[in-house]
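Reader: Got a minute to walk me through this one? I'd like to go through the fold and then some side chains.

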Amino acid sequence: MNELDWKQPALVGGLMAGILSVIPFVNFVNCCFCAWLLVGGAVAAKMLINRAPRPVRSGEGAQVGAVAGLIAAGIYSLISLAMAVFNVGQRLQEELLNRMAEMSNDPTFQETVRKMIEESANQPLAQKLVSVLIVVIIVSLIYIGFSTLGGLLGVALFEKRRDQPPPPQYPPGYPPGQPPNYPPNYPPQYPPPSGGSGGSGGSGGDQGGWPQG
């Protein structure tokens with residue numbers, strides 16, 4: 001895949017999948033078979049097909065999809081770690097648990113929620129980062145896997161040149177713009193020099209060894 005322009009397709013597909021996967025509410029689409037990752041991989045494959053001078057193989061679509069998934073996983077990892085450091089996710093979780101406890105009339109459930117919030121607040125930062133890092137590794141592998149699948153689907157859906165015959169192969173140095181049968185014996189084979197001694201040809205030496213009439 002080195003001869004193909006794959007960097008920009010992978011970057012665009014990865015940014016699309018990564019950003020849409022971390023936006024609140026929009027990321028709920030990933031609940032359906034990681035749909036944003038499939039879309040990002042397919043977009044990367046489609047852009048690769050549009051830029052390729054030849055048909056793109058399924059393996060190449062999978063590769064550009066995997067790179068897009070790696071970029072998306074990097075975006076998710078950075079945002080997740082930043083949220084863990086600044087306790088953004090914890091605050092949202094505590095708010096959600098408090099709302100659930102207020103809506104419930106079960107004292108046992110309310111006491112359980114209170115203990116969960118206290119344990120989360122007292123958890124050391126290093127322990128939080130380790131927990132988030134484990135989740136990030138697992139999610140990153142999922143991202144790469146589904147984005148690779150999206151690249152395969154993109155080639156299957158958008159690559160229409162697989163049934164076309166390959167372009168004709170001309171010999172090296174063939175004149176551009178000439179039909180395949182011109183000239184019949186390219187490059188031309190000139191007759192060997194003949195004539196006087198030393199191969200000088202006719203008088204004056206301007207015949208270049210061509211036979212005299």
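Author: Sure. One term before we start: a residue counts as exposed when its relative accessible area is over 50%, and as buried when that area is under 20%. At 63% relative accessibility, Phe-33 therefore counts as exposed. Also keep in mind that this is a predicted model.

Reader: Okay, where does Phe-33 sit?

Author: In the loop between H1 and H2.

Reader: And what does Phe-33 touch, leaving out residues up to four places away?

Author: Leu-38 and Phe-146. The C-alpha atoms of Phe-33 and Phe-146 are 8.1 Å apart, with their positions 113 residues apart along the chain.

Reader: Let's zoom out. How many helices and strands in the protein?

Author: Six helices and zero strands. Read from the N terminus, the order is simply α-α-α-α-α-α.

Reader: How much of the protein is buried?

Author: 29% of its 213 residues count as buried. The accessible surface comes to about 13900 Å², and carbon and sulfur atoms account for 66% of that.

Reader: And what share of the contacts is long-range, say at least 24 apart?

Author: Taking contacts between residues at least 6 apart in sequence, 68% join residues at least 24 apart.

Reader: Tell me about H6. How many residues does it have, and what span does it reach?

Author: H6 covers residues 125-158, which is 34 residues, and reaches 47 Å from first to last C-alpha. The expected value at 1.5 Å a residue is 50 Å, so the helix comes close to that by the definition of the expected span.

Reader: Which H6 residues are buried?

Author: The set includes Lys-128, Val-136, Val-139 and Tyr-143, along with Gly-150, Gly-151 and Gly-154. Ser-147 is in there too, and it has a relative accessible area of 1%.

Reader: What's around Ser-147?

Author: Past its neighbours up to four places away, Ser-147 touches Leu-37, Gly-41, Gly-65, Ala-68 and Gly-69. Its side chain also reaches the backbone nitrogen of Gly-69, at 3.1 Å.

Reader: Further along H6, is Leu-152 buried or exposed?

Author: Neither label fits: Leu-152 is partly exposed, because its relative accessible area is 35% and the partly exposed class lies between the 20% and 50% cut-offs. Leaving aside neighbours within four places, Leu-152 is in contact with Ser-58, Gly-61 and Ala-62. The C-alpha atoms of Leu-152 and Glu-60 are separated by 8.4 Å, though these residues are 92 apart along the chain.

Reader: Switching to aromatics. How many aromatic pairs turn up in the whole structure?

Author: Two aromatic pairs. Phe-25 and Phe-28 make an edge-to-face one, with 5.8 Å centre to centre and 85° between the planes. Both Phe-25 and Phe-28 are exposed. Tyr-76 and Tyr-143 form a tilted pair, with 5.5 Å centre to centre and 50° between the planes.

Reader: Which parts does that Tyr-76 and Tyr-143 pair tie together?

Author: Tyr-76 lies in helix H3 (residues 58-85) and Tyr-143 in helix H6, so the pair links parts that are 67 residues apart in sequence. Both tyrosines are buried.

Reader: Does a charge sit over a ring somewhere, and if so, where?

Author: Look at Phe-158: the charged end of Lys-46 sits over its ring, 5.7 Å from the centre.

Reader: Now H2. What do its buried residues pack against?

Author: Helix H1 (7-20), H3 and H6. Among the buried residues of H2 are Trp-36, Leu-37, Gly-40, Gly-41, Met-47 and Ile-49. The helix itself spans residues 35-51 and reaches 25 Å from its first C-alpha to its last, close to the expected 24 Å.

Reader: Last one: Glu-159. Buried or exposed?

Author: Buried, at 1% relative accessibility. Glu-159 is placed in the segment after H6.

Reader: What is Glu-159 in contact with, then?

Author: Ile-49, Arg-54, Pro-55, Val-56 and Gly-154, leaving aside neighbours within four places in sequence. A polar atom of the Glu-159 side chain lies 2.8 Å from the backbone nitrogen of Val-56.

Key:
Residues are numbered from 1 along each chain as its sequence is written. This is a predicted model: local features need pLDDT of at least 70, side-chain atom pairs count only at pLDDT 80 or more; totals for chains, interfaces and linings use all residues. Side-chain values use heavy atoms; hydrogens and water are left out. Helices (H or I, at least four residues) and strands (E, at least two) are DSSP runs, numbered from the N terminus. Buried means under 20% relative accessible area, exposed over 50%, partly exposed in between (1.4 Å probe, protein chains only). A polar contact is a pair of N or O atoms within 3.5 Å; within protein, one must be able to donate a hydrogen and the other to accept it, and residues adjacent in sequence count only if both atoms are side-chain atoms. Contact means heavy atoms within 4.5 Å. Accessible areas come from the Shrake-Rupley method with a 1.4 Å probe; for residues, only the protein chains shown count as cover. Rings of Phe, Tyr and Trp (its six-membered ring) pair if their centres lie within 6.5 Å; planes under 30 degrees apart count as stacked, over 60 as edge-to-face and the rest as tilted. A charge sits over a ring if NZ of Lys or CZ of Arg is within 6 Å of the ring centre and within 35 degrees of the ring normal.
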